[in-house]
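Colleague: I am new to this structure. Please take me through its empty space and the residues around it.

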Amino acid sequence: MPFLGTIVNFFVVLVCGTVGTLVKKGVPKKISDAIVSAMAICVIYIGIDGALESAPAVSDGLFLSAGLVKVLVMIISLALGALIGEIIDIDKWVNRLGDLLEKKFVKDGERGKFAKGFVSCSLLFCVGAMTVNGALQDAIGKPDILIAKSVIDGIMCFVMASTLGMGCAASSVFVLVYQGFLTLVGLFLSDMLPAASISYMSVTGSLIIILIGTNMLGATKVKTANLTPAIFLPAIVWPLISLIIS
(Lines give C-alpha, C1' and ligand atoms only; values in the text may rest on other atoms or scores of the structure.)
Protein backbone atom coordinates (compact mmCIF):
# COMPACT_ATOMS: atom_id res chain seq x y z
CA MET A 1 0.00 0.00 0.00
CA PRO A 2 1.73 3.20 -1.20
CA PHE A 3 1.88 6.12 1.29
CA LEU A 4 1.47 3.82 4.33
CA GLY A 5 4.93 4.71 5.65
CA THR A 6 4.31 8.44 5.25
CA ILE A 7 0.91 8.25 6.96
CA VAL A 8 2.42 6.33 9.89
CA ASN A 9 5.28 8.84 10.09
CA PHE A 10 2.81 11.74 10.18
CA PHE A 11 0.75 10.33 13.05
CA VAL A 12 3.76 9.19 15.10
CA VAL A 13 5.38 12.64 14.94
CA LEU A 14 2.06 14.35 15.72
CA VAL A 15 1.30 12.15 18.73
CA CYS A 16 4.84 12.03 20.17
CA GLY A 17 5.28 15.77 19.69
CA THR A 18 2.00 16.46 21.47
CA VAL A 19 2.83 14.12 24.37
CA GLY A 20 6.31 15.66 24.61
CA THR A 21 4.81 19.07 25.37
CA LEU A 22 3.43 17.60 28.62
CA VAL A 23 6.98 17.23 29.96
CA LYS A 24 7.21 20.75 31.31
CA LYS A 25 10.81 20.81 32.49
CA GLY A 26 12.26 19.19 29.36
CA VAL A 27 14.36 16.05 29.05
CA PRO A 28 17.76 16.42 30.79
CA LYS A 29 20.67 16.81 28.37
CA LYS A 30 22.40 13.71 29.70
CA ILE A 31 19.37 11.60 28.87
CA SER A 32 18.70 13.25 25.50
CA ASP A 33 22.32 12.70 24.44
CA ALA A 34 22.05 9.03 25.37
CA ILE A 35 18.81 8.71 23.39
CA VAL A 36 20.35 10.35 20.31
CA SER A 37 23.30 7.94 20.47
CA ALA A 38 20.94 4.98 20.76
CA MET A 39 18.92 6.19 17.78
CA ALA A 40 22.16 6.67 15.81
CA ILE A 41 23.01 3.00 16.29
CA CYS A 42 19.54 2.07 15.01
CA VAL A 43 19.99 4.29 11.94
CA ILE A 44 23.35 2.66 11.19
CA TYR A 45 21.78 -0.79 11.45
CA ILE A 46 18.95 0.20 9.09
CA GLY A 47 21.53 1.46 6.59
CA ILE A 48 23.67 -1.70 6.82
CA ASP A 49 20.62 -3.93 6.49
CA GLY A 50 19.54 -2.12 3.33
CA ALA A 51 23.04 -2.04 1.83
CA LEU A 52 23.34 -5.81 2.25
CA GLU A 53 20.19 -6.40 0.23
CA SER A 54 20.72 -9.08 -2.39
CA ALA A 55 21.73 -7.77 -5.79
CA PRO A 56 19.27 -8.32 -8.64
CA ALA A 57 20.10 -11.23 -10.90
CA VAL A 58 22.06 -10.33 -14.04
CA SER A 59 21.64 -11.82 -17.49
CA ASP A 60 23.83 -14.67 -18.72
CA GLY A 61 25.55 -12.30 -21.14
CA LEU A 62 27.28 -10.44 -18.30
CA PHE A 63 30.78 -11.60 -17.35
CA LEU A 64 30.58 -10.02 -13.87
CA SER A 65 28.74 -11.43 -10.86
CA ALA A 66 25.57 -9.75 -9.61
CA GLY A 67 27.36 -8.78 -6.38
CA LEU A 68 30.20 -7.06 -8.23
CA VAL A 69 27.77 -5.23 -10.51
CA LYS A 70 25.98 -3.94 -7.39
CA VAL A 71 29.27 -2.65 -5.99
CA LEU A 72 30.15 -0.95 -9.27
CA VAL A 73 26.74 0.75 -9.44
CA MET A 74 27.12 2.00 -5.85
CA ILE A 75 30.68 3.26 -6.37
CA ILE A 76 29.91 5.14 -9.58
CA SER A 77 26.58 6.51 -8.30
CA LEU A 78 28.07 7.76 -5.03
CA ALA A 79 31.06 9.32 -6.76
CA LEU A 80 28.94 11.14 -9.34
CA GLY A 81 26.28 11.98 -6.74
CA ALA A 82 28.87 13.53 -4.43
CA LEU A 83 30.25 15.56 -7.34
CA ILE A 84 26.82 16.85 -8.35
CA GLY A 85 25.77 17.50 -4.75
CA GLU A 86 28.92 19.47 -3.96
CA ILE A 87 28.66 21.54 -7.14
CA ILE A 88 25.05 22.43 -6.34
CA ASP A 89 25.86 22.52 -2.59
CA ILE A 90 22.49 21.12 -1.54
CA ASP A 91 23.47 21.36 2.12
CA LYS A 92 23.89 25.14 1.80
CA TRP A 93 20.44 25.53 0.23
CA VAL A 94 18.88 23.36 2.93
CA ASN A 95 20.40 25.60 5.60
CA ARG A 96 19.16 28.68 3.76
CA LEU A 97 15.68 27.15 3.70
CA GLY A 98 15.87 26.72 7.45
CA ASP A 99 16.97 30.33 7.91
CA LEU A 100 14.19 31.53 5.60
CA LEU A 101 11.50 29.58 7.46
CA GLU A 102 12.78 30.79 10.79
CA LYS A 103 12.80 34.44 9.69
CA LYS A 104 9.27 34.04 8.37
CA PHE A 105 8.00 32.81 11.73
CA VAL A 106 10.13 34.92 14.05
CA LYS A 107 8.93 38.46 14.75
CA ASP A 108 10.70 41.46 16.27
CA GLY A 109 14.01 39.58 16.39
CA GLU A 110 12.71 37.19 19.05
CA ARG A 111 13.20 33.49 18.58
CA GLY A 112 9.79 31.94 19.16
CA LYS A 113 9.65 28.41 20.56
CA PHE A 114 6.89 27.32 18.19
CA ALA A 115 8.81 28.53 15.12
CA LYS A 116 12.08 27.01 16.28
CA GLY A 117 10.41 23.69 17.05
CA PHE A 118 8.59 23.58 13.72
CA VAL A 119 11.63 24.50 11.63
CA SER A 120 14.10 22.33 13.54
CA CYS A 121 11.93 19.21 13.44
CA SER A 122 10.80 19.72 9.85
CA LEU A 123 14.39 19.85 8.64
CA LEU A 124 15.56 17.05 10.95
CA PHE A 125 12.80 14.66 9.88
CA CYS A 126 12.66 15.49 6.17
CA VAL A 127 16.19 16.19 4.95
CA GLY A 128 18.40 13.28 4.04
CA ALA A 129 18.70 9.91 2.43
CA MET A 130 16.46 8.11 4.90
CA THR A 131 13.51 10.26 3.87
CA VAL A 132 14.18 10.04 0.13
CA ASN A 133 15.05 6.35 0.12
CA GLY A 134 12.16 5.51 2.42
CA ALA A 135 9.64 7.41 0.29
CA LEU A 136 10.82 5.71 -2.90
CA GLN A 137 10.44 2.33 -1.22
CA ASP A 138 7.07 3.33 0.19
CA ALA A 139 5.89 4.00 -3.37
CA ILE A 140 6.39 0.35 -4.31
CA GLY A 141 4.66 -0.97 -1.21
CA LYS A 142 7.69 -1.35 1.07
CA PRO A 143 7.13 1.02 4.02
CA ASP A 144 9.76 -0.65 6.26
CA ILE A 145 12.30 2.21 6.18
CA LEU A 146 9.70 4.91 6.83
CA ILE A 147 8.05 2.92 9.63
CA ALA A 148 11.44 2.47 11.32
CA LYS A 149 12.13 6.17 10.67
CA SER A 150 8.75 6.98 12.24
CA VAL A 151 9.79 5.42 15.53
CA ILE A 152 13.11 7.28 15.53
CA ASP A 153 11.41 10.55 14.56
CA GLY A 154 8.79 10.02 17.24
CA ILE A 155 11.37 9.57 19.98
CA MET A 156 13.38 12.57 18.80
CA CYS A 157 10.20 14.66 18.50
CA PHE A 158 9.18 13.77 22.06
CA VAL A 159 12.56 14.89 23.40
CA MET A 160 12.57 18.14 21.38
CA ALA A 161 8.92 18.96 22.11
CA SER A 162 9.62 18.79 25.85
CA THR A 163 11.57 22.04 25.46
CA LEU A 164 10.32 23.56 22.18
CA GLY A 165 6.61 22.86 22.49
CA MET A 166 3.86 22.26 19.91
CA GLY A 167 5.93 23.49 16.97
CA CYS A 168 7.56 20.06 16.96
CA ALA A 169 4.19 18.31 16.65
CA ALA A 170 3.18 20.74 13.88
CA SER A 171 6.17 19.58 11.83
CA SER A 172 4.13 16.41 11.18
CA VAL A 173 2.27 18.38 8.50
CA PHE A 174 5.53 19.15 6.72
CA VAL A 175 6.48 15.46 6.97
CA LEU A 176 3.15 14.47 5.41
CA VAL A 177 3.40 16.93 2.51
CA TYR A 178 7.10 16.47 1.74
CA GLN A 179 7.27 12.69 2.03
CA GLY A 180 3.95 12.39 0.26
CA PHE A 181 5.39 14.32 -2.68
CA LEU A 182 8.49 12.11 -2.76
CA THR A 183 6.28 9.02 -2.71
CA LEU A 184 4.38 10.39 -5.70
CA VAL A 185 7.72 10.79 -7.49
CA GLY A 186 8.50 7.20 -6.52
CA LEU A 187 5.21 5.99 -8.02
CA PHE A 188 6.11 7.74 -11.26
CA LEU A 189 9.62 6.24 -11.31
CA SER A 190 8.43 2.73 -10.45
CA ASP A 191 6.27 2.73 -13.58
CA MET A 192 9.16 3.81 -15.77
CA LEU A 193 12.24 2.11 -14.33
CA PRO A 194 13.17 -1.58 -14.30
CA ALA A 195 13.06 -3.35 -10.93
CA ALA A 196 16.87 -3.69 -10.92
CA SER A 197 17.37 0.09 -11.08
CA ILE A 198 14.98 0.65 -8.17
CA SER A 199 16.78 -2.02 -6.15
CA TYR A 200 20.16 -0.38 -6.78
CA MET A 201 18.69 3.00 -5.81
CA SER A 202 17.63 1.50 -2.49
CA VAL A 203 21.05 -0.03 -1.81
CA THR A 204 22.89 3.19 -2.66
CA GLY A 205 20.58 5.22 -0.43
CA SER A 206 21.20 2.78 2.42
CA LEU A 207 24.92 3.54 2.35
CA ILE A 208 24.14 7.23 2.87
CA ILE A 209 21.82 6.30 5.75
CA ILE A 210 24.84 4.73 7.48
CA LEU A 211 26.57 8.11 7.27
CA ILE A 212 23.55 9.79 8.86
CA GLY A 213 24.01 7.47 11.84
CA THR A 214 27.74 8.13 12.15
CA ASN A 215 27.05 11.87 11.93
CA MET A 216 24.57 11.55 14.79
CA LEU A 217 27.29 9.86 16.85
CA GLY A 218 29.75 12.63 16.01
CA ALA A 219 32.11 10.14 14.34
CA THR A 220 31.80 11.88 10.97
CA LYS A 221 30.74 15.30 9.70
CA VAL A 222 29.63 14.39 6.19
CA LYS A 223 27.16 16.68 4.42
CA THR A 224 24.76 13.85 3.61
CA ALA A 225 22.35 16.25 1.89
CA ASN A 226 25.00 16.70 -0.80
CA LEU A 227 25.00 12.94 -1.42
CA THR A 228 21.27 12.60 -2.10
CA PRO A 229 21.66 12.86 -5.92
CA ALA A 230 23.46 9.52 -5.72
CA ILE A 231 20.18 7.81 -4.79
CA PHE A 232 18.71 8.56 -8.22
CA LEU A 233 21.80 7.92 -10.34
CA PRO A 234 21.51 4.09 -10.46
CA ALA A 235 18.57 4.67 -12.80
CA ILE A 236 21.19 5.84 -15.33
CA VAL A 237 24.32 4.01 -14.16
CA TRP A 238 22.82 0.51 -14.12
CA PRO A 239 21.57 0.54 -17.76
CA LEU A 240 24.93 1.95 -18.93
CA ILE A 241 26.90 -0.73 -17.11
CA SER A 242 24.58 -3.38 -18.54
CA LEU A 243 25.32 -2.17 -22.07
CA ILE A 244 29.08 -1.98 -21.52
CA ILE A 245 29.63 -5.42 -19.97
CA SER A 246 27.00 -7.40 -21.87
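Modeller: Helices are DSSP runs of H or I with at least four residues, numbered from the N terminus, while strands are E runs of at least two. The model is predicted, so local features need pLDDT of at least 70 and side-chain atom pairs pLDDT 80 or more, while totals for chains, interfaces and linings use all residues. Numbering starts at 1 along each chain as its sequence is written, and side-chain values use heavy atoms, without hydrogens and water.

Start with one residue. Ile90 lies in helix H4. Set aside its neighbours within four places in sequence, and Ile90 is in contact (heavy atoms within 4.5 Å) with Gly85, Ala225, Asn226, Thr228 and Pro229. Take Ala225 from that list. In sequence, Ile90 and Ala225 are 135 residues apart. In space, their C-alpha atoms are 6.0 Å apart.

Now move from Ile90 to the space beside it. Rolling a probe the size of a water molecule over the atoms shows where empty space is left. On a 1 Å grid over the protein atoms alone, a pocket is an open set of points with protein on both sides within 12 Å along at least five of seven lines, whereas in a cavity a 1.4 Å probe fits but cannot get out. Lining residues have an atom within 4 Å of a point. Points are joined across faces, edges and corners, and the volume is the space filled by probe spheres set on them.

Ile90 helps to line the second largest pocket. That pocket holds about 350 Å³ of space. Its lining has 17 residues. Closest to the centre are Ile90, Val94, Val127, Tyr178 and Thr228. Two or more lining residues come from each of H4, H5, H8 and helix H10 (229-232). H4 gives the most, four residues. By class, 14 lining residues are nonpolar (Ala, Val, Leu, Ile, Met, Phe, Trp, Tyr, Cys and Pro), three are polar (the others, Gly among them) and none is charged (Asp, Glu, Lys and Arg).

Next comes the largest pocket. About 640 Å³ of space lies there. It is lined by 22 residues, and those closest to the centre are Leu123, Leu124, Val127, Ile212 and Thr224. Val127 is thus named for this centre and for that of the second largest pocket. Helix H4 (90-105), helix H5 (113-126), H6, helix H7 (144-164) and H9 each give two or more residues to this lining. H7 has the largest share, with five residues. Here the classes run to 13 nonpolar, six polar and three charged residues. In the second largest pocket, by contrast, no charged residue is found in the lining.

Last, the closed space. The structure holds one cavity of 30 Å³ or more. The largest cavity has a volume of about 70 Å³. Around it stand Asn133, Leu136, Gln137 and Ile140, then Gly186, Leu189 and Ser190, and finally Ile198, Met201 and Ser202. Three helices each supply at least two of these residues: H6 (129-139), H8 (167-192) and H9 (195-217). The lining divides into five nonpolar and five polar residues, with no charged residue.

Some helices return along the way. H6 and H9 serve the largest pocket and also the largest cavity. H8 supplies the cavity lining and the lining of the second largest pocket. H4, where Ile90 lies, gives residues to the largest pocket and to the second largest.
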